[in-house]
Amino acid sequence: QVQLVESGGGSVQAGGSLRLSCAASGLSFSWSAIGWFRQAPGEARELVAAISRNAANIYYPDSVKGRFTISRDNAENTVLLQMDSLKPEDTALYYCAAKRTFTVRAMTSENEYDYWGQGTQVTVSS
(Lines give C-alpha, C1' and ligand atoms only; values in the text may rest on other atoms or scores of the structure.)
Protein backbone atom coordinates (compact mmCIF):
# COMPACT_ATOMS: atom_id res chain seq x y z
CA GLN A 1 0.00 0.00 0.00
CA VAL A 2 1.37 3.36 -1.05
CA GLN A 3 0.09 6.37 0.84
CA LEU A 4 0.90 10.04 0.53
CA VAL A 5 -0.54 12.29 3.21
CA GLU A 6 -0.39 16.06 2.96
CA SER A 7 -0.63 18.34 5.95
CA GLY A 8 0.05 21.93 6.93
CA GLY A 9 -2.63 23.70 4.95
CA GLY A 10 -4.79 26.42 6.40
CA SER A 11 -5.84 30.03 6.10
CA VAL A 12 -3.38 32.88 6.00
CA GLN A 13 -3.38 36.54 5.04
CA ALA A 14 -1.61 37.75 1.94
CA GLY A 15 2.11 38.06 2.56
CA GLY A 16 2.11 35.27 5.11
CA SER A 17 3.73 31.85 5.04
CA LEU A 18 2.76 28.21 5.27
CA ARG A 19 4.77 25.01 5.25
CA LEU A 20 3.20 21.94 3.70
CA SER A 21 4.37 18.43 4.42
CA CYS A 22 3.96 15.24 2.40
CA ALA A 23 4.53 12.04 4.37
CA ALA A 24 5.04 8.92 2.28
CA SER A 25 4.73 5.26 3.17
CA GLY A 26 4.69 1.99 1.27
CA LEU A 27 7.26 2.92 -1.35
CA SER A 28 10.99 3.37 -1.71
CA PHE A 29 10.98 7.06 -0.94
CA SER A 30 14.65 7.72 -1.65
CA TRP A 31 14.12 6.29 -5.14
CA SER A 32 11.11 8.46 -5.88
CA ALA A 33 10.72 11.77 -7.63
CA ILE A 34 8.19 14.03 -5.93
CA GLY A 35 5.97 16.82 -7.21
CA TRP A 36 3.63 19.34 -5.65
CA PHE A 37 0.54 20.33 -7.63
CA ARG A 38 -2.38 22.62 -6.93
CA GLN A 39 -5.89 23.00 -8.25
CA ALA A 40 -8.37 25.80 -7.72
CA PRO A 41 -12.09 25.38 -8.44
CA GLY A 42 -12.74 25.58 -12.17
CA GLU A 43 -9.03 25.57 -12.95
CA ALA A 44 -6.66 22.96 -14.32
CA ARG A 45 -4.23 21.26 -12.00
CA GLU A 46 -0.81 22.85 -12.21
CA LEU A 47 2.68 21.97 -11.04
CA VAL A 48 4.15 24.25 -8.41
CA ALA A 49 7.37 22.40 -7.57
CA ALA A 50 9.22 19.21 -8.45
CA ILE A 51 12.27 17.54 -6.95
CA SER A 52 14.35 14.71 -8.31
CA ARG A 53 15.22 11.45 -6.58
CA ASN A 54 18.62 12.72 -5.47
CA ALA A 55 17.42 16.32 -4.91
CA ALA A 56 19.99 17.56 -7.42
CA ASN A 57 17.32 18.80 -9.82
CA ILE A 58 14.48 21.08 -8.80
CA TYR A 59 11.88 22.88 -10.89
CA TYR A 60 9.55 25.80 -10.14
CA PRO A 61 7.24 27.59 -12.54
CA ASP A 62 7.56 31.35 -12.81
CA SER A 63 4.37 31.85 -10.81
CA VAL A 64 6.02 30.63 -7.59
CA LYS A 65 9.73 30.98 -8.26
CA GLY A 66 11.43 32.89 -5.48
CA ARG A 67 8.52 32.35 -3.10
CA PHE A 68 8.21 28.56 -2.77
CA THR A 69 10.93 26.12 -1.76
CA ILE A 70 10.75 22.34 -2.05
CA SER A 71 12.98 20.06 -0.01
CA ARG A 72 13.10 16.44 1.05
CA ASP A 73 14.18 14.43 4.06
CA ASN A 74 14.66 10.85 2.94
CA ALA A 75 15.30 9.63 6.47
CA GLU A 76 11.80 10.77 7.42
CA ASN A 77 10.16 9.92 4.08
CA THR A 78 8.94 13.49 3.91
CA VAL A 79 8.85 16.28 1.34
CA LEU A 80 8.26 19.87 2.41
CA LEU A 81 6.92 22.84 0.51
CA GLN A 82 7.78 26.12 2.17
CA MET A 83 5.50 28.87 0.85
CA ASP A 84 6.38 32.49 1.56
CA SER A 85 4.91 35.80 0.40
CA LEU A 86 1.61 34.11 -0.29
CA LYS A 87 -0.88 35.73 -2.64
CA PRO A 88 -4.65 35.25 -2.97
CA GLU A 89 -4.06 33.53 -6.31
CA ASP A 90 -2.17 30.79 -4.43
CA THR A 91 -5.48 29.64 -2.96
CA ALA A 92 -6.03 26.03 -4.02
CA LEU A 93 -6.06 22.42 -2.96
CA TYR A 94 -2.44 21.27 -2.86
CA TYR A 95 -1.43 17.70 -3.71
CA CYS A 96 1.81 15.81 -3.54
CA ALA A 97 2.61 13.07 -6.03
CA ALA A 98 5.32 10.42 -6.32
CA LYS A 99 6.98 8.30 -8.98
CA ARG A 100 9.50 5.58 -8.25
CA THR A 101 12.33 6.03 -10.73
CA PHE A 102 16.01 5.53 -11.38
CA THR A 103 16.09 8.75 -13.40
CA VAL A 104 17.74 11.65 -11.62
CA ARG A 105 15.55 14.42 -12.95
CA ALA A 106 12.65 16.47 -11.72
CA MET A 107 9.40 15.31 -13.28
CA THR A 108 7.20 18.16 -14.43
CA SER A 109 4.35 16.34 -16.20
CA GLU A 110 1.24 15.31 -14.32
CA ASN A 111 0.95 12.01 -16.19
CA GLU A 112 4.42 10.91 -15.08
CA TYR A 113 3.28 10.40 -11.49
CA ASP A 114 1.78 7.15 -10.21
CA TYR A 115 0.74 8.01 -6.66
CA TRP A 116 -1.24 10.94 -5.28
CA GLY A 117 -2.29 12.23 -1.91
CA GLN A 118 -5.74 13.53 -1.03
CA GLY A 119 -4.68 17.15 -0.81
CA THR A 120 -4.55 19.91 1.76
CA GLN A 121 -6.38 23.21 1.41
CA VAL A 122 -4.52 26.51 1.30
CA THR A 123 -6.55 29.70 1.49
CA VAL A 124 -4.93 33.12 1.20
CA SER A 125 -7.06 36.14 2.00
CA SER A 126 -6.50 39.67 0.81
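**Figure 1. Strands E3 and E8 in the predicted model.** Strand E3, residues 18-25, and strand E8, residues 78-83, are joined in the antiparallel sense over 6 bridges, in a model that is predicted. At one position of this pairing, Leu-18 stands opposite Met-83 of E8. Both strands belong to an open sheet of 4 strands, ordered E1-E3-E8-E7 and paired in the antiparallel sense. Strand E1 (3-7) and strand E7 (68-73) each have a single partner strand and stand at the edges, so one side of each is left without a neighbour in the sheet. From one strand to the next, the twist averages 15 degrees.

**Figure 2. Strand E7 and its hairpin with E8.** E7 and E8 pair in the antiparallel sense over 6 bridges, and within this pairing Phe-68 stands opposite Met-83 in E8. The hairpin of these two strands has 4 residues between them, and Asn-77 takes a positive phi near 50 degrees there. The side chains of E7 alternate along the strand: Phe-68, Ile-70 and Arg-72 are buried and point to one face, whereas Thr-69, Ser-71 and Asp-73 point to the other and are not buried. Arg-72, one of the buried residues of E7, lies over the face of Phe-29 at 4.7 Å from the ring centre.

**Figure 3. The nonpolar cores and the surroundings of Met-83.** The largest nonpolar core has 27 residues, and those with the most contacts inside it are Trp-36, Phe-68, Ile-70, Leu-81, Met-83 and Tyr-94. Two or more residues of this core come from each of E3, strand E4 (32-39), strand E5 (46-51), E7, E8, strand E9 (92-100) and strand E11 (120-125). A second, separate core of 8 residues includes Ala-33, Phe-37, Leu-47 and Ala-97. When residues up to four places away in sequence are not counted, Met-83 touches Gly-16, Ser-17, Leu-18, Leu-20, Arg-67, Phe-68, Tyr-94 and Val-122. Two of these contacts, Leu-18 and Phe-68, are also the residues that stand opposite Met-83 in the pairings of E8 with E3 and with E7.

**Figure 4. The edge-to-face pair of Phe-37 and Tyr-113.** A search of the whole structure finds 5 aromatic pairs. In the pair of Phe-37 and Tyr-113, the ring centres are 5.5 Å apart and the planes stand at 85 degrees, so the pair is edge-to-face. The pair links distant parts of the chain, with Phe-37 in strand E4 and Tyr-113 in the loop between E9 and strand E10 (115-116), 76 residues apart. Phe-37 is buried, with a relative accessible area of 2%, and Tyr-113, at 5% relative accessibility, also counts as buried.

**Figure 5. The tilted pair of Phe-37 and Trp-116, and the wider ring cluster.** The rings of Phe-37 and Trp-116 have their centres 4.9 Å apart and their planes at 50 degrees, so this pair is tilted. Phe-37 lies in strand E4 and Trp-116 in strand E10, so the pair ties together parts that are 79 residues apart in sequence. Whereas Phe-37 is buried, Trp-116 is partly exposed, with a relative accessible area of 25%. Ring pairs link Phe-37, Tyr-95, Tyr-113 and Trp-116 into a cluster, and the ring of Tyr-95 has the charged end of Arg-45 over it, 5.5 Å from the ring's centre.

Terms used. Residues numbered from 1 in each chain as written. Predicted model: local features only at pLDDT ≥ 70, side-chain atom pairs only at ≥ 80, totals over all residues. Heavy atoms only, no water. Pairing = 2+ DSSP bridges. Axes fitted to C-alpha atoms, helices over the stretch in contact; angles between N-to-C directions. Core = buried A, V, L, I, M, F, W, Y, C linked by side-chain atoms within 4.5 Å. Buried < 20%, exposed > 50% of the residue type's maximum accessible area, 1.4 Å probe, protein only. Contact = heavy atoms within 4.5 Å. Phe/Tyr/Trp six-rings, centres within 6.5 Å; stacked < 30°, edge-to-face > 60°. Lys NZ or Arg CZ within 6 Å of the ring centre and 35° of its normal.
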